Amino acid sequence: MEISNGGIDNTGSIITIKGMLSLLMQSVDDEKNEKKVISLAMGDPTVHSCFHTTHVATEAVAEALLSEKFNGYAPTAGLPLTRRAIAEYLSRDLPYKLTPNDVFVTSGCTQAIDVAMALLSRPGANILLPRPGFPIYELSAAFRHIEVRHFDLLPDKGWEVDLDDIESLADQNTVALVIINPGNPCGNVYSYQHLQKLAETANKLKTLVIADEVYGHLVFGDKPFVPMGVFGSTVPILTLGSLSKRWIVPGWRLGWFVTTDPCGMFRKPKVVERMKKYFDILGDPATFIQAAVPSILQQPDEVFFKKTLNLLKQSVDICYNKIKEIPCISCPHKPEGSMAVMLKLNLSLLDDISDDIDFCFKLAKEESVIILPGTAVGLKNWLRVTFAVDPYSLEECLDRIKSFYQRHAKQLQRY
């Protein structure tokens, strides 16, 4: 368990995924290694030809653009038709109905995260973040002078939240508990029962929940996706999401910040006014992308969704099985959703590797393979791998990691 002081002074020490990726790419030895660079570090499936969006989405965008009706500014909270469509889409899985007034349109989920941090910041505030987690939360909190407190996810329990950890960390200045489900970077999917316990714990601690559901519905294991908003009557919830992952369009930057709160805490006049004023200073997603959202959400392409899930499940099976051939890494929990998995690194089997960062930099240099050290997502001597990759590249990448292990294995392990 770790508590780190958030603040403008420590932003330089926080590792971002893009920052680490840039450093790893610089370490690739192009002169000595003729192998094509393969990256399993970024959650952008669009770089692989097997992942592409549905024709429904592209046709909706084209129609909105060609209509020439959406070339101007949108209202700062988003087009009314877009907010209505998002409210209706999310309400399908909830026991109550959201309204357009509950929805604010953002430039991707990253902006929604920053909005949440900005609105919750106050002197002395702290926020509870999962470890491992998504580093943008920590960076945004640091810029907002919000103290970060990490609670552990338990790999031997399917990366469930350590509830005792949460209760020991929270105090009267805790402004939110962040839950990422389906899990990034762990690939876990929380059960209804576990989410219910989290809601009850947050209610007991008198803090709201930020539900990061950017990978919502991207599940392919035995557990169904349950939105945290189902428990909105137990505890106030801010739901963050986007088109990016489910529709394979991360570059469209269309996200949402939604108050899933049937009891109405977020509808207090001062709270609503503060939200509106903050959105007045933000940049919106492109208006024609917003205009396409109703058609995209109201015409679900089930064939497309099924194909995407089948591709991800195929990739997970390849990844999980081939990892068993590499003694120095292990997967404690087979992914059930999202696009990433955490792998445990066993340094005792390696001769000249000091930690996860050293492993990843040497792997990049020798094998032109880019994977993310677990340190970048809060877990030292683990590795974070994205499996949203075409099967051929994934197999090739894991074969190279196996070769890397064989070169660096301790003498006893080589025979």
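**Entry 1: strands β11, β12 and β15**

I began with the pairing of strand β11 (residues 329–330) and β12, which is antiparallel and runs over 2 bridges. I note at the outset that the model is predicted. I then looked up the residue facing Ser-330 and found Lys-344 of β12 opposite.

I next followed β12 to its pairing with β15, which is also in the antiparallel sense and extends over 5 bridges. Which residue of β15 is the bridge partner of Lys-344? I found Trp-382 in that place. Lys-344 thus appears in my notes twice, opposite Ser-330 and as bridge partner of Trp-382.

I also checked how far β12 is covered. Strand β12 spans residues 340–345, and 5 of its 6 residues are buried, which I record as mostly covered.

**Entry 2: Trp-382 and its ring partner**

I counted the aromatic pairs and obtained 11 for the structure. I took the pair of Tyr-89 and Trp-256 to begin with: the ring centres are 6.2 Å apart and the planes stand at 70 degrees, so I class the pair as edge-to-face. Tyr-89 belongs to helix α3 (residues 80–91) and Trp-256 to strand β10 (residues 255–260); with the two positions 167 residues apart, the pair links distant parts of the chain. Is each of these residues buried or exposed? I find Tyr-89 buried, and Trp-256 likewise.

I then returned to Trp-382, whose ring pairs with that of Trp-159. The centres are 5.3 Å apart and the planes at 70 degrees; the angle is over 60 degrees, so this pair is edge-to-face. Trp-159 sits in the loop between β5 (147–154) and β6 (160–161), whereas Trp-382 is in strand β15 (residues 382–386). I note a separation of 223 residues, so that here too distant parts of the chain are linked.

I looked up the accessibility of both residues. Trp-159 has a relative accessible area of 1% and is buried. Trp-382 stands at 9%, and because the limit for buried is under 20%, I count Trp-382 as buried.

**Entry 3: the ring cluster and Arg-246**

I traced the ring pairs outward from Tyr-89 and Trp-256. Which residues do ring pairs link into a cluster with them? I obtained Trp-247, Phe-304 and Phe-305 as the further members.

I then searched for charges over these rings and found Arg-246. Its charged end sits over the ring of Trp-247, 5.4 Å from the ring centre. The charged end of Arg-246 also sits over the ring of Phe-305, at 3.8 Å from the centre.

**Entry 4: the largest pocket**

I turned to empty space. Rolling a probe the size of a water molecule over the atoms shows where such space is left. The largest pocket holds about 730 Å³. I list 30 lining residues, and Lys-18, Met-42, Gly-43, Phe-134 and Lys-245 lie nearest the pocket centre.

Which elements each supply at least two residues to this lining? I find α1 (17–26), α4 (108–120), α5 (135–143) and β15. The most comes from α4, with 3 residues. I sorted the lining by class and recorded 15 nonpolar, 9 polar and 6 charged residues.

**Entry 5: the cavities**

I counted 2 cavities of 30 Å³ or more. The largest cavity contains about 200 Å³ of space. It is lined by 20 residues, and those closest to its centre are Tyr-89, Leu-90, Glu-213, His-217 and Phe-225. The elements giving two or more residues to this lining are α3, β9 (237–242) and β10. I note that β9 gives the most, with 4 residues. By class, I recorded 10 nonpolar, 7 polar and 3 charged residues for the lining of the largest cavity.

The second largest cavity contains about 60 Å³. Its lining has 13 residues, with Pro-130, Leu-153, Ile-180, Gly-183 and Tyr-190 closest to the centre. Two or more lining residues come from β5 and likewise from β7 (174–180). I find that β7 contributes the most, with 3 residues. How many charged residues line the second largest cavity? I find no charged residues there, beside 10 nonpolar and 3 polar ones.

How values were computed:
Residues numbered from 1 in each chain as written. Predicted model: local features only at pLDDT ≥ 70, side-chain atom pairs only at ≥ 80, totals over all residues. Heavy atoms only, no water. Phe/Tyr/Trp six-rings, centres within 6.5 Å; stacked < 30°, edge-to-face > 60°. Buried < 20%, exposed > 50% of the residue type's maximum accessible area, 1.4 Å probe, protein only. Lys NZ or Arg CZ within 6 Å of the ring centre and 35° of its normal. 1 Å grid on protein atoms, 1.4 Å probe; cavity = no way out; pocket = protein on both sides within 12 Å on 5 of 7 lines; lining within 4 Å. Points joined across faces, edges and corners; volume = space filled by probe spheres on them. Nonpolar A, V, L, I, M, F, W, Y, C, P; charged D, E, K, R; others polar. Pairing = 2+ DSSP bridges.
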